[in-house]
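The following exercises concern one molecular structure. Please study the sequence and the model before reading the solutions.

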Amino acid sequence: MAKSATGEERSVEPKPRPLVRLGRQLILHVHIISFFCYVAGVVAILILPMLAKNTYISENALMPGSGNAAFSNSDTLLARSSAEELERLVSQNVNVQRAVSKWLIEEMTATGADCYVHPFSLPASALSSTRFPTSSGHFKWNTSNASVTGGDLEEQAPSAMSVVGIIRAPQAEGNEAVVLVTPYDPDDFWHESALTLGMGLALFSRLSQALWLARDIVWLVPDSKYGVYPAVANWLEEYHHPPINHISSHQDMKLELLRKTLSEDGESSQQLIDSQTLGDFKRAGTIATGLVYELKSGLRQGGVDTITVWAEGPNGQMPNLDFINVVNSIAVYRESLQLRLETIPGIKSWTWLKTVGMVFEEINKLTRVITPSWSFALPAATYAENMATLFSSMFFQIIGLPTGAHGAFRDYQIDAITLQFIIPTQGQDYVLAKVGRHLEGVIRSVNNLLEKWHQSFFLYFLSALNKYISVGVYMIPFGLLVLSLPLQAAALCYPVKEAGSATTDVSTQSSKINSTKQRAKKQRLERKSGADDSGSWLEALVLVGAVQLWAFFAALALFLISGTKTTAEFKLRCWLGVVALSLLVAFTVQKFLTGSMHYKRSTQAHTQSWTVVKAVTLGITAIDLAVMSTINFPVSLIGALTLVPMCLGVFPIQHSWRYAHSDVKSVVGIAASAVGTVWTLAMSPIGLPLLIWSFYGHLLDINSENVWNFAESLLQWRSALLPHILVIHLPCAVLCLYILLSRLPSQRQ
Amino acid sequence: MAGNSSSKTNGARIDNSSRSAGCSSRRRGDEIRREAGDWQSMAFMLVRSMKRNSEAGAKKVEGLVAGARGCGDDVLLGNHLKAIVPTGSAIGQRCCNDRTMANNSFLTSGLRSRQVGASRAFVWGWFLCIVPFLISGCHSVADKGREEAFSEDLLIRPLSDGKVLNHFYFKNYLHTLGSAAHNHVFPKAISQLVRKFHISELELSFTQGRWNYERWGALDPVGSSNAKPSGVELWAEFDVPSDQVDPTWRNLTHALSGLFCASINFLESPAVVAAPSLVFGSRINKGASKEGHTANVRKSGVVRYGALPREAVCTENLTPWLKLLPCRDKAGIATLLDRPSVYKGYYHSLRVHVGRSQPGGAVILEQTLTLVLQPAQLRERGSKELPNWSLTSLFARKLEGRCPLAKSSHVLLELERPLVLSVERLAASKSEPAELSDEKSQQGRRNDKGRQVDVADNPAFHMSPYPDRVFVESQGSGDISQASSLMLDYDLQNHSSARPLNLAMLWKERVYWSSLRGPFRVSRFLIGSGNEKGSLAIELKRNFDLPVQDEVVAANDVEVTIFQVVAWYVRLYLHTLTARVDGNQVPLQNIITQMLVTPAEDRLSPAVLEVKLKLPRNVSIMSLTMDFDKEAGSVHVYTDNLLVPLATPDFSMPYNVITFTCTVLALYFGSLLNTLRRRIGEEERLAKRASGGKLKESISRFMEGKSATQKKLIKVSGVILIAGIAVAFNYALEYYQVL
């Protein structure tokens, strides 16, 4: 309709420049374009597993598997006998921590390593954790730490003690180190812990005899009484930022505890040659790589011994892809171990995933008829599996919490991963030998590296252990999703701008974006009347600014309230109250400000105010999402998926209503505004929680306490999800609601 | 004395008297006295530093910023410090009792031999090894009237962690350095070097691995002056006017580079060379000052110091080193040097030291090779037994006699005092039941050293063959009630190819002991992470196994000298230097007695910091920290134990970065300029006026008057014509190709 009008106009006017023409065309078809962009974006996400490429080892220096593993049967025996000895020790001693520490110190010293203990206490802000069904085992849920957090740390004696051993590489200078971490929990010590430490010792003593070491090997045995992460993070913190007055009374207290712990029976402690330096915090140069591993008993899956890999660091930061490649290639090609990435159990069985996979398979069959060599689709089952892996990884990254102690290394730009080996109860020795050889191979490969990890990708997703999707690929769907926001914003503000500068602009005719002829006519009328609409811009900016400020305040309030000492439920109520109240204040202030600039406002401008608000909202949201994509990509992706339809589809209800009753209605238009309205309501601050509750209420134990604790842990772990929800999603949803409910002037005016 | 009688028949015995509790108080007093003696000894330690390694190229430029010496993080006082390189930093520490700062008080606590049947010559030889600056004196006695003299010794010491220390010591003496003189034994290369560059003293070392001061000892001569930083270290003192020092140094580095097949010539650049004044220096001059010359005899600025921490050490360095020996590795102790065994070790330090007995006097060349080897032994994994070893198992060779040119040739096995103590204790516990009944006689025997332990076959170990002689070291105090370290001597004169020496030690029981550690553990580390700033910290921790709480002793301060070289591209903020004693910050002037600072100059010279500290004796921890800026350069800096990650772009990606940036900039500025400069209205008017060229005009004239259908037809036929020409051309091309 509008098209024909332009056609006529164009024939009269000189041909505009190509760029202008292109822009005009874009704006002309903006609804179709943004619809297709969104659909293409979603489809692009779905075909990501098919776009994945095979991994390859990019850094030649790594040479995985090129050296023969020296880990032998006698080492396996040592691992097993050590585990048995440990279990015996633990069953004989009441104080597990003491027994294990002492055993470790003696064994480490016997291998010729430098050894020391690192006592620490619970960090001031106790890192509680999510009780997410998927992250079991890697986080410890601390329900009782509320009372501990407030305590004066100086007064509080360190209660946990990690043991650290350092092998000084015999022929190297020792300016770099590789850190191995084998966690154990003294309060929950059983067979698996003993096996992990036994394997740790076997590997450590094997490495202590290796002449090929170019880097020092640090074996950190964190006391994970408060969780593995805090223990490792604490050690790393002291490694890099030693407390200024580290010989204070606090330190003395640590040493006292150490003495108490270790030297109760004088005879054996006398044999600890380095007993005097056990309290020294020894270092081994710059840490190049971290490797956390633990052994779990379990059943073989499908007759293959498996290793589970966790790699996601804080806010989805991943270790260098080469590291995972090395772990994978040694496991698969040398030890025939099966690596797998941790997935959330439910996803693989989602029927829609399989359906999508099957659809792609069918399409591929068709294309193969045309070009036989053209094959892109994966088998539906593989597709579902890869997708599940991808989604799980994205989910972990969205939560923003590291999936294990390796996350602590990431804070210091150290590449690290966690490996979990499954040891079957039968044929244990055989698998232990494989595990030992595998670990030795990985360490040897890492040891070969001359530089920092830098060759391969840091920004990637894994859809399987040998398939990766690099940043260049996964940014495409995001770009497609977000692209429509600035387009729509331009389309919305263009006529407005045009109205303001009508007298000078040559190419002013493109008011086609308006959905009806009436609107177009009205615009022309406005232009003729020379109305200045800068007032509506100012109003929109004040409104959006007020809402954004309110959102920042809401985030700040969450932070402030989390510092108080009350129950979680009360805190949540408190926060909700503050947020609601401050929203009222924000709107009042906004009304007051816009009222004071009322003198400029014309009625015509007022009719348009919602379009200006929408344009500004779209612009801000697009910028927010783009910024977020650099902080935590999956969060921004999920943000784009949820916010883009809302932003695009939102129209004032009155407007939709009138449109539905106008003469030029189209089914598509009605459907679009209906979808927009429903989506806006669903994503609103009230609709979204209801939605989550109705879908996942039975899966997750959602109550106000858990919700608050979850939010608090996001805050403590500095997850990008919280700022996304509070600073991007919340204001956007509120503004969309505002648009939805805004009143139009009566039609006859 | 107890040993005197027994030496011939069953060897020396280890004094067992210290076993009884009755003597503990006496022993304690004794220890303190001895302690005081130890403190008088001067030792110094440098913390090595390193600097950019130009060879590392773009990938990783390494440098040593600062680093505590070796073995990880701990440096013990009493070590001779070393190291360094291009940039380096070193810390020298010197501890003295400040009442008696006599430099050669070393002597007093040194080995005062109470030898049993030892030849004087032998004792001297060993002594020289320990106290290098005494050498000349001893020698002149021993070699009176001789122009040249050569001696070879091998010191073997079992270490507490089961490894074995092997210290090869070759000494060459040249009485006069005549320009035309012909040398019989003394290597001509060295004598020419000394003559040409007017060297008063020179030390060059090639090292692989780190000396473990905690386990291998720091107070003994090997640990305190032969432990070197890894890589190449060179320092020299010249007897030339100060304006000649730098050119002489440059020439010297090139000469040595050729002589030893190493990249020593990289030390010619002044950006990597330091001129220390407090730490390194000639012992000759210090000795001279004692003799009544002016107090500050040492001319400032005649010492140069440089190090290459990343220089690899291999057989190409060993071969020229061996060529300096009169018998090379064809005869004598050097025949043991089986290359694979030598380079498999945990520590390997090749050293050349050239000194003069006095300015212009006799030239003394000492060559040492210090090896720490792990005896290969099949033992149960996880067993804590000490491994047995023999010369064959360590070197895959036997000793088949001495170098015929050597004046003396000895193999010595040293049993450290703590080890002797442990063995005594063990022996005592074994024979305890028998002794209980005879308390009184035991007491009596203890007093006159009656009871001893067989040095070669006792409950702890068995030595074969039996030593020719045993020396007992006295501990300065002269009190012999204590166990002393023992030296088992094997004279190679008694061995030949028919009767090779294969020294072997067989452990019977696990003995625990620990070597003597220095008064301080020193560590140097970086504080901070990230790419912006960092701090360098040097921390000294007291080793409390040395009793220092005694009030009299506590009154004395400890003097520590820190020598730190920092590459110019690490920007040090000297004003941020802070010192903490036992965790409390103290004003610098309270503990610093002397400080020499040479600020860095870009690409010209490194920053050199020499700080002399005086620490109260009861200090348990002292730390110095200084901030630096990482953003000055785009390199990684390595140290022997410090790696400073600088803010570095990924060098493998410059192409991407440059192209992306340039594209974005071009687009941005292009469009901006376009928008600003072009006036669209004007252009369109112009375009309308001159709407196309002549061809266009004629076409439009031709088109005029035609109907729309005709126009279309003309256009289509035009397209077809062009396509036809293209096809024909293509066909013609193919046709010609076929032809």
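**Exercise 1.** Which residues of chain B does UniProt list for "transmembrane region"?

Solution. The unreviewed UniProt entry lists residues 655-676 and 713-733 of chain B. UniProt positions are given in the numbering used here, feature names are shortened, and annotations may be inferred rather than shown by experiment. This is a predicted model, in which local features need pLDDT of at least 70 and side-chain atom pairs count only at pLDDT 80 or more, while totals for chains, interfaces and linings use all residues. Residues are numbered from 1 along each chain as its sequence is written, chains are lettered from A and ligands numbered from 1 in the order in which they are written, and side-chain values use heavy atoms, leaving out hydrogens and water.

**Exercise 2.** Determine the secondary structure of residues 655-676 and of residues 713-733 of chain B.

Solution. Helices (H or I, at least four residues) and strands (E, at least two) are DSSP runs, numbered from the N terminus. Residues 655-676 are 100% helix and 0% strand, with end C-alpha atoms 31 Å apart. Residues 713-733 are likewise 100% helix and 0% strand, and their end C-alpha atoms lie 30 Å apart.

**Exercise 3.** Describe helix H9 of chain B and its surroundings.

Solution. First, the length: H9 covers residues 245-260, 16 residues in total, and reaches 22 Å from its first C-alpha to its last, close to the expected 22 Å. The expected span is 1.5 Å times one less than the number of residues. Second, burial: the buried residues of H9(B) include B:Trp249, B:Leu252, B:Leu256 and B:Phe260. Buried means under 20% relative accessible area, exposed over 50%, and partly exposed in between (1.4 Å probe, protein chains only). Third, the cover: among the elements over these buried residues are helix H6 (188-197), strand E9 (231-238) and helix H11 (315-323) of chain B, where contact means heavy atoms within 4.5 Å. Finally, B:Cys261 follows H9(B) and has a positive phi, near 55 degrees.

**Exercise 4.** Find which cysteines form a disulfide, and explain why B:Cys261 does not.

Solution. A disulfide is a pair of cysteine sulfur atoms within 2.5 Å. The count over all chains is one. The bond joins B:Cys327 to B:Cys403, S to S 1.7 Å. The two cysteines are 76 residues apart and link distant parts of the chain. Both B:Cys327 and B:Cys403 are buried, and their link is right-handed, with 60 degrees about the S-S bond. B:Cys261 forms no such bond because its sulfur is 11 Å from the closest cysteine sulfur, in B:Cys314, which is too far.
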